[in-house]
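These are notes for a colleague who is opening this structure for the first time. Please keep the sequence and the model side by side while reading the points that follow.

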Amino acid sequence: MRASMWICASISVIAAFFLLAAVACGDDPPPEPSPTPLPTYTPVPPTPTASPEIETSPRTTGDEAKSVITSALPSLADVVEEIEPWVVSVTTERFVRGFFSTFRDEGAGSGFIVRSNGYIVTNEHVIRGAQELHAHLANGETYPATVVGKDITTDIAILKIDADGLPFATLSDTSAIRVGDWVMTLGNALDMKGGPTATLGIVSGLGRSIKTEQGQQFFNLIQTDATINAGNSGGPLVDMNGMVIGINQAVLAEARFGFAINAAVAGPVIDSLIENGVVSRTEIGIKGDDVTSAIARSFNLSVTEGVVVTAIESDGPAYAAGLRVGHIITKLDDIPTPGLATFLPRLWAYKPGDEIVIEYVDDDSTKVMTVTVESDPAQ
């Protein structure tokens, strides 16, 4: 008899569960404008490692350990209240000609104010192809926005709205940030109603390089496990003082990792776009990847750091000087370049017509050459 009563009760619970699920799966409301998708990428290089096991005291529960960790943080609500006034939701519209008619395609992303007179930072891929742009501020006001300048190399764009006296963000000096530091994102995740979405995480890695499926390559990124969703693109990654350490850019969904443009990289680009509308750079006609220990072992390389040449323009200055695919650049003017994060800023510091001495490795031989840099025609 007791067994029968138990079975009946269980069936009732299961039936109630499916009834609630059915109610929850009713007709959805009309869809909101779709957020601008985040770019996907292939990490450079793919070197997955096993997650370490963490030993804890048998007398400390998981909840107690979490309480100890979070007790050292300031109120997250205080941080959100501090940064929310200068976080912006960016909506885009473009008109696509169909077979019989023209239809409107909408997208959404994030941004943040960097000047009190209405300059806003977002990702270049958020506004790419848009014919109409609007910036929605935290105070409820909406403004039409125009594009002041954009930089494909770093995926940064500057918008301008007709407003003044606005609260604005402060970019952090990121030289002191460390893996394990707490960070927060705030942005227009999934284009959901009710204000921006805040997520908490840590700095999971520094100096990352990634390559998108479209072939774009980005360097010196901050890796974080703070959740970054579609629509977060262009929004701020901030420290616990409310200062911007990065611009949310890309996500590897299956690994729950996000990537942000380092404020140290973004700062000069933002200034140049606001002042000049463009970013002037120099180049030598190559593309490269970071050399890592794993790559060095796989290909039996004689060096474990540097920039390996992966593509080269046959009419560029590097090719004319003798550089080839597979060569590994280790120094520019006797200054070590262990990866793209040091190589590219160093290269961009030269002016068109400057000559630089490149030290590189060809097989097991270290060689030098002189290359004349030229302006980057893509800018």
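1. A first remark concerns the strand pairing towards the later part of the numbering, in what is a predicted model. Strand 17, which covers residues 307–312, pairs in the antiparallel sense with strand 16, residues 286–290, and 5 bridges join the two. Within this pairing, D289 is placed opposite V308 of strand 17.

2. Strand 17 also has a pairing with strand 18, residues 328–332, again antiparallel, though here the count is 2 bridges. In this second pairing V307 stands opposite I329 of strand 18. When following the side chains here, it may help to recall that in a regular strand they alternate between the two faces of the sheet.

3. Which residue forms a salt bridge with D271? The partner is R115, and the closest N and O atoms of the two are 2.9 Å apart. The pair links distant parts of the chain, since D271 belongs to helix 5 (residues 263–276) and R115 to strand 3 (residues 102–115), with their positions 156 residues apart. Both ends are partly exposed, D271 with a relative accessible area of 34% and R115 at 29%.

4. The structure holds 5 salt bridges, and two others deserve a look. The side chains of K331 and D334 meet with 3.7 Å from N to O; K331 is partly exposed at 24% relative accessibility, whereas D334, at 58%, counts as exposed. D362 and K367 are likewise joined by a salt bridge, with 3.1 Å from N to O, and K367 is partly exposed with a relative accessible area of 35%.

5. How many aromatic pairs are there? The count comes to 2, and one of them is formed by W86 and F112, which meet edge-to-face with their centres 6.1 Å apart and 65° between the planes. W86 lies in the loop between helix 3 (76–83) and strand 2 (87–97), while F112 lies in strand 3, so the pair ties together parts that are 26 residues apart in sequence. W86 counts as buried because its relative accessible area of 5% falls under the 20% limit, and F112 is buried too, at 0% relative accessibility.

6. F219 and W348 form an aromatic pair that is also edge-to-face, with 5.6 Å from centre to centre and 70° between the planes. Because F219 sits in strand 11 (residues 217–224) and W348 in helix 8 (residues 340–348), this pair ties together parts that are 129 residues apart in sequence. F219 is buried, with a relative accessible area of 7%, whereas W348 is partly exposed at 21%.

7. The ring of W348 has a further neighbour, for R281 lies over its face at 4.3 Å from the ring centre. A charge placed over a ring is found again with R324, whose charged end sits over the ring of Y319, 3.6 Å from its centre.

8. Where do the buried residues of helix 3 lie around its axis? These residues are V79, V80 and I83. Seen down the axis of helix 3, they fall within an arc of 100°, so they line one face of the helix. As background, an α-helix has 3.6 residues a turn, so residues three or four places apart point the same way.

9. Is E124 buried or exposed? With 2% relative accessibility, E124 counts as buried, and its place in the chain is in helix 4, residues 124–127. Leaving aside residues up to four places away in sequence, E124 touches K150, D151, I152, D155, I156 and A157.

10. A last point concerns D364, which is found in the loop between strand 20 (355–362) and strand 21 (365–372). D364 counts as exposed, with 63% relative accessibility. The C-alpha atom of D364 is separated by 8.7 Å from that of V303, although the two residues are 61 residues apart along the chain.

Note on methods. Residues are numbered from 1 along each chain as its sequence is written. This is a predicted model: local features need pLDDT of at least 70, side-chain atom pairs count only at pLDDT 80 or more; totals for chains, interfaces and linings use all residues. Side-chain values use heavy atoms; hydrogens and water are left out. Two strands pair if DSSP finds at least two bridges between them. Helices (H or I, at least four residues) and strands (E, at least two) are DSSP runs, numbered from the N terminus. A salt bridge is a side-chain nitrogen of Lys or Arg within 4 Å of a carboxyl oxygen of Asp or Glu. Buried means under 20% relative accessible area, exposed over 50%, partly exposed in between (1.4 Å probe, protein chains only). Rings of Phe, Tyr and Trp (its six-membered ring) pair if their centres lie within 6.5 Å; planes under 30 degrees apart count as stacked, over 60 as edge-to-face and the rest as tilted. A charge sits over a ring if NZ of Lys or CZ of Arg is within 6 Å of the ring centre and within 35 degrees of the ring normal. The arc is that of the directions from the helix axis to the C-beta atoms. Contact means heavy atoms within 4.5 Å.
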